[in-house]
Amino acid sequence: LRWAMDYIKVEYQAAFVESVFRPSAREYGPLVRVSFPFTETFEDGFPTTDKPSYYNYGITAGRENLQWSTWYGSFSWQNPIEGGQSAQLRIYQEEEDYDKEQFGHLKMEFFLEGLSKVSFRYYMSEFWIKATISYCEFGDTRWSNPQQIALSSYSQRQTVQDFTYVLDGGARHNAKIRIALDPATGFPSSSHYDFLCDSFVFE
């Protein structure tokens, strides 16, 4: 059972002042101790359907206490980077029947004890895609040390790239990571943009 305070409402009747304080939503999940390097390839415990959904639909899957979630994404067999499937986020055309905030994310639903660095592989179907990786400390609400993930040249589109993220100058943290698509990506004029991640190595 988890409990969190949604808000505090304070009324100062003598001065006719009302103030409402709403704290940020706390990130939940178990704190897990693993042997580094620890890898995730989205193969074990990540079932997919015949036609994965990439709309306004949250998916959580993975091994026990090692689950990941997506928003506007899936753990997909479509065009995997390595193995049978990869984590994939999509952005569709801006149309009336789509939610206008369809810039999704991939997020760990657990914290790793003593994490300092994360390496992974990614694929962007178009040069315009931008994403941000950041980390959250166990027991905190803030996403810290944001770094952009983007291609450096147009020729890199539709190719597999490597990315390394250092949390805090190499210091170890009890933390989880999130990769979120940036609204600066914009919407495609047709079809959809694809952003895939795979082969995570935690140290």
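Two strands are said to pair if DSSP finds at least two bridges between them. With that term in place, good morning, and let us turn to the protein shown above, which is a predicted model.

I begin with the pairing itself. Strand β6 covers residues 66-71, and four bridges join β6 to strand β9, residues 105-108. These two strands run antiparallel. As one example of a bridge, serine 69 has lysine 107 in β9 as its partner. On which strand should we look for a further partner of β9? Three bridges join β9 to strand β15, which spans residues 173-181. This pair also runs antiparallel. Here histidine 105 stands opposite alanine 180 in β15. Strand β9 is thus bridged both to β6 and to β15. As a general point, the side chains in a regular strand alternate between the two faces of the sheet.

Let us now consider the protein as a whole. How many helices and strands does the protein have? There are zero helices and 16 strands. Among contacts between residues at least 6 apart in sequence, 72% join residues at least 24 apart.

The next topic is burial. Of the 203 residues, 42% are buried. The exposed surface of the protein amounts to about 11100 Å², and carbon and sulfur atoms supply 47% of it. The largest nonpolar core contains 41 residues. Which residues have the most contacts inside this core? They are Trp68, Phe120, Ile177, Phe195, Phe200 and Phe202. Strand β16, residues 192-202, contributes the largest share of the core, namely five residues. In soluble globular proteins, nonpolar side chains tend to be buried together.

Finally, I draw your attention to three places in the loops. The peptide bond from phenylalanine 36 to proline 37 is cis, with omega near 0 degrees. Proline 37 belongs to the loop between β3 (31-32) and β4 (38-40).

The second place is asparagine 65, in the loop between β5 (58-63) and β6 (66-71). Its phi is near 65 degrees, a positive value in a residue other than glycine. Is asparagine 65 buried, exposed or partly exposed? The relative accessible area of asparagine 65 is 45%, and because partly exposed residues lie between the limits of 20% and 50%, asparagine 65 is partly exposed.

The third place is glutamine 158, in the loop between β13 (144-149) and β14 (160-166). Glutamine 158 is not a glycine, yet its phi is positive, at about 65 degrees. With a relative accessible area of 43%, glutamine 158 is partly exposed. Thank you for your attention.

How values were computed. Residues numbered from 1 in each chain as written. Predicted model: local features only at pLDDT ≥ 70, side-chain atom pairs only at ≥ 80, totals over all residues. Heavy atoms only, no water. Buried < 20%, exposed > 50% of the residue type's maximum accessible area, 1.4 Å probe, protein only. Contact = heavy atoms within 4.5 Å. Areas by Shrake-Rupley, 256 points an atom, 1.4 Å probe, with all protein chains shown as cover. Core = buried A, V, L, I, M, F, W, Y, C linked by side-chain atoms within 4.5 Å.
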